[in-house]
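Hi,

Here is the structure I promised to pass on. My notes follow below it.

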Amino acid sequence: MSKALFLPFLTIQTGHHQVADALMDFITRHNKDIEVKKVDLLNYANPLVERVISQSYLSWIQYAPLLYTKFYKKVFDTPKEIKQNFKLYEMLLKHLERLLQQEKPDIIFCTQSAPSYLMSKLKQSGRCNVPVVNVYTDFFMNQLWGITAIDYHFVPMQEMKEALIRQGVDESTIFVTGIPVHEEMLRTTRLHNFARNILIAGGNSGLLDCTNLYEQLKQSDYFHYYILCGKNDKLYQKMVAWKLPNVTPFSYIESRTEMNCLYDQMDAIVTKPGGVTVSEVLRKKLPIFVHSVLPGQEEHNLRYLTEQGLAYTLNKHESLHEQLERMLLNEEAMSHYRQQIALYLNNLQLKTAEDWVVFMQRLLRKQLVTGAMCPA
């Protein structure tokens, strides 16, 4: 049996893991002879260090977001030739070699830049020739991503493909897939019913200002708000206690089928610009309103989305329902938004679940017959 190894980074359940999970599920559904496995390299090398770094990262972005933004720009947005910031990652190379010798994968998918950087280093040195796929999980590419020795690139938009070509990457190895989402999200259960349904996401990470939100929602009877509280049970119980007739809170929704059905009943979403959530919503052609931004990656995502006319930034000092009404009831604005969504989706090479089935089977069939391996 062949093996596909997926390499996210850190055990925090970010978009790196969501994209890996989506592709792993896709492979197992349609390829019974391929084993899939996901490994966080840092946790594999030293679980204690990984736990400390993960907890520090969560505290950093919550309590000192501006400081984290400065750090991110200095480390990840520097010119390609400035590599001294990446030397610490290279300390993981010996652990990566050990992992590959242990797992013996036939193909590797990197859903985060650090494993991609290390795999490119390993392949350039001749210590591994297993085919590697970069799967970009945001609407930009930081300077850590490995490029030179990577075999394939799954990019979220046409602009990134053009950027890779300018760096000398063979065009035939770059696929404009969008940020991969679970197969279930590529299937529409029903058309939007235009019942003024608004989905609000972001409660799982405690980003919603409950006091302000309550005051705003109780004044709005035009929209019905469906609020995703995730695993934040305190937030969920608080919203249940509100007993507002136009507010329906949800605790963590594990079923992708249920989440897909919920998407298909919505008319717009208020959310953060996380790569995976935005990718799912773009596939559903829902207007996106951004209520808050995490430092680092999401700031880059928001810049791209707003420049392309794919998202609106909410003003925290203005009424939520007034902002939603001003845009959603403006036919000219919505017509322009639909055009921008169509332009984005038309540039994707893979538009349907069936497209993904054919594409992945062809890619895997082509690569898994090579017998490439890492030297023992």
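**Aromatic pairs**

Trp 356 and Phe 359 sit three residues apart in helix α16 (residues 353-368), so about one helical turn separates them. Keep in mind that this is a predicted model.

The two rings form an edge-to-face aromatic pair. Their centres are 5.9 Å apart, with 85° between the planes. Trp 356 is buried, at a relative accessible area of 4%. Phe 359 is buried too, at 13%. Both belong to one aromatic cluster, together with Phe 6, Phe 26, Phe 109, Tyr 152, Phe 154 and Phe 175.

The count of aromatic pairs comes to 20. Another of them is Phe 139 with Tyr 304, and this one is stacked. Here the centres lie 5.5 Å apart and the planes differ by 10°. The pair links distant parts of the chain, 165 residues apart. Phe 139 is in the loop between β4 (132-135) and β5 (152-155). Tyr 304 is in helix α13 (residues 297-307). Phe 139 is buried, with a relative accessible area of 2%. Tyr 304 is buried as well, at 9%.

One ring has a charge over it. The charged end of Lys 231 sits over the ring of Tyr 252, 4.9 Å from the ring centre.

**Leu 368 in α16**

Back to helix α16, which also holds Leu 368. Is Leu 368 buried or exposed? Its relative accessible area is 17%; buried means under 20%, so Leu 368 counts as buried. Beyond residues up to four places away in sequence, Leu 368 touches Ser 2, Ile 34, Asp 106 and Ile 107. Pro 105 is 263 residues from Leu 368 in sequence. In space, their C-alpha atoms are 9.7 Å apart.

**Helices α4 and α7**

Helix α4 (residues 65-76) has 12 residues. From first C-alpha to last it reaches 16 Å, close to the 16 Å expected at 1.5 Å a residue. Which residues of α4 are buried? They are Tyr 68, Thr 69, Tyr 72, Val 75 and Phe 76. These residues cover an arc of only 145° around the axis, so they lie on the same side of α4. On the other side, Leu 66, Leu 67, Lys 70 and Lys 74 are exposed. Note the two leucines in that exposed set.

Helix α7 (residues 113-124) also has 12 residues. Its reach is 16 Å, again close to the 16 Å expected. α7 is mostly covered, with 10 of its 12 residues buried. Among them are Ser 113, Ala 114, Pro 115, Tyr 117, Met 119 and Lys 123.

Leu 118 is another buried residue of α7, with 0% relative accessibility. Setting aside neighbours within four places in sequence, Leu 118 is in contact with Leu 41, Tyr 89, Glu 90, Leu 92, Leu 93 and Leu 96. Tyr 89 is 29 residues away along the chain. The C-alpha atoms of Leu 118 and Tyr 89 are separated by 7.4 Å.

**An open parallel sheet**

Six strands form an open sheet. What is their order? It runs β9-β8-β7-β10-β11-β12, and the pairing is parallel. The edge strands are β9 (247-250) and β12 (312-313), each pairing on one side only. Within the sheet, β7 (residues 197-200) and β10 (residues 268-271) pair over three bridges. There, Leu 199 of the pairing stands opposite Ile 269 in β10.

**Positive phi outside glycine**

Two residues to look at in the loops. Leu 10 is not a glycine, yet its phi is positive, about 70°. Leu 10 lies in the loop between β1 (2-7) and α1 (15-30). Leu 10 is buried, at a relative accessible area of 13%.

Lys 243 also has a positive phi, near 55°. Its place is in the loop between α10 (233-242) and β9, the latter being an edge strand of the sheet above. Unlike Leu 10, which is buried, Lys 243 is exposed, with a relative accessible area of 72%.

Best wishes

Notes. Residues numbered from 1 in each chain as written. Predicted model: local features only at pLDDT ≥ 70, side-chain atom pairs only at ≥ 80, totals over all residues. Heavy atoms only, no water. Phe/Tyr/Trp six-rings, centres within 6.5 Å; stacked < 30°, edge-to-face > 60°. Helix = DSSP H or I, 4+ residues; strand = E, 2+ residues; numbered from the N terminus. Buried < 20%, exposed > 50% of the residue type's maximum accessible area, 1.4 Å probe, protein only. Lys NZ or Arg CZ within 6 Å of the ring centre and 35° of its normal. Contact = heavy atoms within 4.5 Å. Pairing = 2+ DSSP bridges. Expected span 1.5 Å × (residues − 1). Arc of directions from axis to C-beta.
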